[in-house]
Amino acid sequence: MFEAMYAGAEAGGAEPPWDYGAPRPQFVEWAEAQDLSGGGRPALVIGCGYGADAEFLASLGFLTTAFDFAPTAIAGARRKHPDSQVNYLVADVLHLPREWQGVFDLVVESLTVQSMPPEQHPVAARNIAALVAPEGTLLVLATTREEDSEVKGPPWPLTRAELKEFVDGDLVMRRLERIEGGSWWRAELSRGRERPDASANQAASDP
Ligand SMILES: C[S@@+](CC[C@H](N)C(=O)[O-])C[C@H]1O[C@@H](n2cnc3c(N)ncnc32)[C@H](O)[C@@H]1O
């Protein structure tokens, strides 16, 4: 489905509805709030589409890799950003290179897991979590779904329980926000011993 949508856009059809040619505001706001700076550290963008989020990370000084399983999206990203420093690759969340495990200081996942069928969410979340380096951070953006609510995807927005599937060993939920009037999750997880902040505890205990 995704490859067909990107191929249609490349052939002059409608642009993919999630792409508006700029980094996602919910990501930019998070980055600016902490004055995020890469300093040459490695970062990875999951399901990068045409690469706006990846270009933003590269502009902040991250050594950025970005992948998508749709080859036409990756070809489009390379074409739209001809002078890019980003390493754009075709890869599938469900079959990631082993050598990526534990490598990235920042991993950004925006709306990719929810574009996959629900039965794939746990393995996708585990695979993404495994990419985060010691003391690294994972940012997850997704739209929200209440537990037990029926949804006919795609997309299949994430429940709170599904978000917790990104928690993995010492990769803990530091901050979990409901933004956009409650219709989006913004979750920040990181590895290390530091205690989660109160909002993560609050969110974890909300009904
Ligand atoms: C809804 S779009 C979101 C794109 C972008 N992350 C954003 O926030 O605008 C989902 C993207 O994930 C990609 N995708 C879906 N399943 C994937 C998989 N198994 N592995 C890699 N990419 C995948 C799609 O091709 C598409 O570009």
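A polar contact is a pair of N or O atoms within 3.5 Å. That cut-off frames the ligand site of this predicted model.

**Ligand site**

The ligand is surrounded by 18 residues. Tyr6, Arg24, Gly47, Asp68 and Ser110 come nearest. Three side chains place a polar atom beside a ligand oxygen, as tabulated here.

| Residue | Ligand atom | Distance |
|---|---|---|
| Arg24, polar side-chain atom | oxygen | 2.8 Å |
| Asp68, polar side-chain atom | oxygen | 2.6 Å |
| Ser110, polar side-chain atom | oxygen | 2.6 Å |

The Arg24 distance of 2.8 Å falls within the 3.5 Å limit. Asp68 belongs to strand S2, which spans residues 63-68. Ser110 belongs to strand S4, which spans 104-110.

**The sheet**

Seven strands build an open sheet of mixed pairing. Their order is S3-S2-S1-S4-S5-S7-S6. Strands S3 (87-90) and S6 stand at the edges. Each has a single partner strand, so one side of each is left without a neighbour in the sheet. From one strand to the next, the twist averages 15°.

S1 and S2 run parallel and are joined by four bridges. In this pair, Val45 stands opposite Ala66 of S2. S2 is mostly covered, with five of its six residues buried.

At the S6 end, the pairing is antiparallel. S6 (residues 171-179) and S7 (residues 184-191) share eight bridges in that sense. Leu171 has Arg191 of S7 as its bridge partner. Arg175 faces Glu188, also in S7. The two strands form a hairpin with four residues between them. Glu180, in the turn, has a positive phi of about 55°.

**Gln26 and the hairpin**

Glu180 also meets a residue from a helix. Gln26 is found in helix H2 (residues 25-33). The Gln26 side chain makes a polar contact with the Glu180 side chain, at 3.1 Å. Is Gln26 buried or exposed? Gln26 has a relative accessible area of 8%. Buried means under 20%, so Gln26 counts as buried. Leaving out residues up to four places away in sequence, Gln26 touches Leu141, Ile179, Glu180, Trp184 and Arg186.

**Helices against the sheet**

Helix H5 (residues 121-129) lies across S1 (42-46), S4, S5 (132-143), S6 and S7. H5 runs at about 145° to S5.

Helix H4 covers residues 71-80. Its buried residues are Thr72, Ala73, Ile74, Gly76 and Ala77. What covers them includes helix H1 (2-10), S2 and S3.

**Nonpolar cores**

Which residues touch the most other members of the largest nonpolar core? Among its 29 residues, they are Val107, Leu138 and Phe166. S1, S4, H5, S5, S6 and S7 each give two or more residues to this core.

Val107 has an extended contact list. Not counting residues up to four places away in sequence, Val107 touches Leu44, Ile46, Ile128, Leu131, Val132, Thr137, Leu138 and Leu139. Leu138 is thus named twice: as a contact of Val107 and beside Val107 among the most connected core members.

Another core lies apart from this one. That second core holds 24 residues, including Phe27, Ala31, Phe56 and Phe62.

Methods
Residues are numbered from 1 along each chain as its sequence is written. This is a predicted model: local features need pLDDT of at least 70, side-chain atom pairs count only at pLDDT 80 or more; totals for chains, interfaces and linings use all residues. Side-chain values use heavy atoms; hydrogens and water are left out. Two strands pair if DSSP finds at least two bridges between them. Axes are lines fitted to C-alpha atoms, for helices over the stretch in contact, and angles run from 0 to 180 degrees between N-to-C directions. Contact means heavy atoms within 4.5 Å. A nonpolar core is a set of buried Ala, Val, Leu, Ile, Met, Phe, Trp, Tyr and Cys residues joined through side-chain atoms within 4.5 Å. Buried means under 20% relative accessible area, exposed over 50%, partly exposed in between (1.4 Å probe, protein chains only). A residue is near a molecule or strand if one of its heavy atoms lies within 4 Å of it. A polar contact is a pair of N or O atoms within 3.5 Å; within protein, one must be able to donate a hydrogen and the other to accept it, and residues adjacent in sequence count only if both atoms are side-chain atoms.
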